Amino acid sequence: MTGTRPDIRDASGRPLRDLRISVTDRCNFRCTYCMPRHIFHSHYRFMPRADILSFEEVTRVAGLFASLGVKKIRITGGEPLLRRDIERLVAMLARIEGIDDISLTTNGSLLTVDKARALRDAGLRRLNVSLDALDDATFHKINDVSFPVARVLDAIDNAAAAGLSPVKVNMVVRAGLNEDDIVPMALRFRGTPHIVRFIEYMDVGSTNGWRMDDVIPAREIVARIHQVRPLRPVDPNYRGEVARRWRYLDGEGEIGIITSVTEPFCGGCGRARLSAGGSLYTCLFATGGHDLRALLRSGMNDSEILDRLRAIWGHRSDRYSQIRGERTTATRSRVEMSHIGG
């Protein structure tokens, strides 16, 4: 795609900037907030492989989004490193004109030094690694497969050794479960290049049993850390940055806080999400998507698909986090995080 990149905006005036691409609905963890084990004993079925977009189809969609203004791509899952030869997709995406940042979110279980180097060499620029506790017993309760903390810490070291540093370490905080790990997590990575991002527990999907009482507000997370190691707020790196930044007063690094529940940031959201099966979602809390796979496999040309994408984004009015308290949000079914990543 060449030429001037249009600045398309949704119904609320928000430009399209980021595309998050899920490459698989499979994961080797059963985290309670994302893919709780109980759903596998009831109705959950993984997608047939034929229904999952090929790397070529993903790249085609990403190229179309780039022509509409997308600059950043994040690869998600499920667990994206379960997708064979994922570095080949990274290399394909890195060749798209206009894409200047490619990142990937992983649980770290499969991130060897060789894999991290292959991803970096293919064009990956950043890694997010999920780690919800430093205490093994707590972490086992969350990932529900008895995966040890030490191996995730090794994965973070592997990423740094491969040149993918700083790593963003994502911790979803849930009251009564891992809140005692907030300060230890902050101190574990204080003084390193890595940035811990504390994420308020969100009601993504409909299977994780979310309650407002389970949310530790961002201000409380900051206060707990500040009491031990003083912090000061700093400006965002760019307009629409998701995490609010806080830096240690002594200069020993920073943390991020993602405040989707208590301090919504819908007004600056320019993210679209593509599921592994080719559905396009315009919000993390969406109730339904738009079937791009059918368009890709129907023989429709790029110009026609672009018209569809412009119409989808142009009509977008999502602001779920801002209206979460309204009665209508309580009963509506939302897409599961395992289908579209975070």
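Modeller: Let's start with charges over rings: a charge sits over a ring if CZ of Arg is within 6 Å of the ring centre and within 35 degrees of the ring normal. Keep in mind that this is a predicted model.

Biologist: Okay, so which ring does Arg 190 lie over?

Modeller: Arg 190 lies over the face of Tyr 248, at 5.3 Å from the ring centre. There's also Arg 188, whose charged end sits over the ring of Phe 189, 5.1 Å from its centre.

Biologist: And how do I read ring against ring? How many aromatic pairs does a search of the whole structure find?

Modeller: A pair of aromatic rings is described by the distance of the centres and the angle of the planes. Searching the whole structure turns up two such pairs. Take Phe 29 and Phe 139: the centres are 6.4 Å apart and the planes are at 75°, so we call this pair edge-to-face. It links distant parts of the chain, 110 residues apart, with Phe 29 in the loop between strand S1 and helix H1 and Phe 139 in helix H4.

Biologist: Are those two buried or exposed?

Modeller: Phe 29 counts as buried, at 4% relative accessibility, and Phe 139 is buried too, at 2%.

Biologist: What about the planes of Phe 29 and Phe 147?

Modeller: Those planes are at 50°, with the ring centres 5.1 Å apart, so that pair is tilted. Here the partners are 118 residues apart, and Phe 147 is in the loop between H4 and helix H5. Phe 147 is buried, with a relative accessible area of 9%.

Biologist: Which residues do the ring pairs link into a cluster?

Modeller: Phe 29, Phe 139 and Phe 147.

Notes
Residues numbered from 1 in each chain as written. Predicted model: local features only at pLDDT ≥ 70, side-chain atom pairs only at ≥ 80, totals over all residues. Heavy atoms only, no water. Phe/Tyr/Trp six-rings, centres within 6.5 Å; stacked < 30°, edge-to-face > 60°. Helix = DSSP H or I, 4+ residues; strand = E, 2+ residues; numbered from the N terminus. Buried < 20%, exposed > 50% of the residue type's maximum accessible area, 1.4 Å probe, protein only.
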